[in-house]
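Reader: I should like a close look at the pockets of this model and at the nonpolar patch on its surface. Please set out how each is lined or made up, and give the cut-offs behind the terms.

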Amino acid sequence: RFASRLSEFQELCTADREEILKHNLVHLAKLATCNMFSLGKTWTSQLCPLLGAREVEKLDTKLMSLNLTGLDNLHLTYNMFFSNHQQEVPLIELMIIIGSWAEDQKEHTLLSLVILFCPDMLDLTERRKVEDFQLRFATLLQNYLNYKHQT
């Protein structure tokens with residue numbers, strides 16, 4: 001749904017849209033997974049993208065009614081979800097680093113758009129158009145970061 005609502009995505013021919021979705025959505029899913037487990041997030045902020053803010057609030061209220069302690073500082077880790085797939089420490093550390101790249105929703109959205117419109121290794125009919133879209137979003141991300149950090 002994210003991609004289909006973008007005017008830039010709609011400007012592409014059907015074959016290119018399918019190629020981008022087929023190859024680049026997996027990278028967006030990886031970024032979302034990394035973002036979920038980034039340090040500094042509490043369990044409520046980690047679960048909101050998955051369950052929705054309203055459901056997380058209900059869960060938090062229910063857990064508090066059970067007098068559970070330590071929830072304010074609880075951080076969910078990758079191994080809590082994927083315990084059968086014990087990952088090597090360097091991979092988990094890399095996921096945490098990648099997850100911390102986007103510090104706010106604007107950065108995350110722009111970074112996701114740069115990844116979505118990545119033409120590398122894709123068989124595209126309108127490659128130049130996709131490259132231009134990616135450059136546009138990369139420039140917006142750079143401008144936003146410059147503004148945010150006053151450089």
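Author: **Pockets and nonpolar patch**

Helix 2 and helix 7 each supply at least two residues of the lining of the second largest pocket. Helices here are DSSP runs (H or I, at least four residues), numbered from the N terminus. The model is predicted, and local features need pLDDT of at least 70, side-chain atom pairs count only at pLDDT 80 or more, and totals for chains, interfaces and linings use all residues. Residues are numbered from 1 along each chain as its sequence is written, and side-chain values use heavy atoms, with hydrogens and water left out.

A pocket is defined on a 1 Å grid over the protein atoms alone, as an open set of points where a 1.4 Å probe fits, with protein on both sides within 12 Å along at least five of seven lines; lining residues have an atom within 4 Å of a point. A volume is the space filled by probe spheres set on the points, which are joined across faces, edges and corners.

The second largest pocket holds about 170 Å³ of space. Its lining consists of Phe-2, Leu-28, Ala-32, Gln-105, His-108, Thr-109 and Ser-112. Helix 7 contributes the most, with four residues. By class, this lining has three nonpolar, four polar and no charged residues; Ala, Val, Leu, Ile, Met, Phe, Trp, Tyr, Cys and Pro count as nonpolar, Asp, Glu, Lys and Arg as charged, and the others, Gly among them, as polar.

The largest pocket contains about 300 Å³ of space. It is lined by 13 residues, of which Ala-32, Asn-35, Lys-41, Pro-49 and His-108 are the closest to its centre. Two or more lining residues come from each of helix 2 (14-36), helix 3 and helix 7 (105-116). Helix 2 gives the largest share, four residues. The lining divides into five nonpolar, five polar and three charged residues.

On the surface, Leu-50, Leu-51, Leu-59, Met-80 and Phe-81 make a nonpolar patch of about 470 Å². Helix 3 (43-51) and helix 5 (78-81) are the elements that give two or more residues to this patch. Patch residues have over 30% relative accessible area and no salt bridge (a side-chain nitrogen of Lys or Arg within 4 Å of a carboxyl oxygen of Asp or Glu), and nonpolar side chains are joined within 5 Å. Accessible areas come from the Shrake-Rupley method with a 1.4 Å probe.

Leu-50 belongs to helix 3 and is exposed (over 50%), with a relative accessible area of 55%. Phe-81, in helix 5, is partly exposed (between 20% and 50%), at 40%.

How values were computed:
Patches are made of residues with over 30% relative accessible area and no salt bridge: like charges are joined within 9 Å, nonpolar side chains (Val, Leu, Ile, Met, Phe, Trp, Tyr) within 5 Å. Buried means under 20% relative accessible area, exposed over 50%, partly exposed in between (1.4 Å probe, protein chains only).
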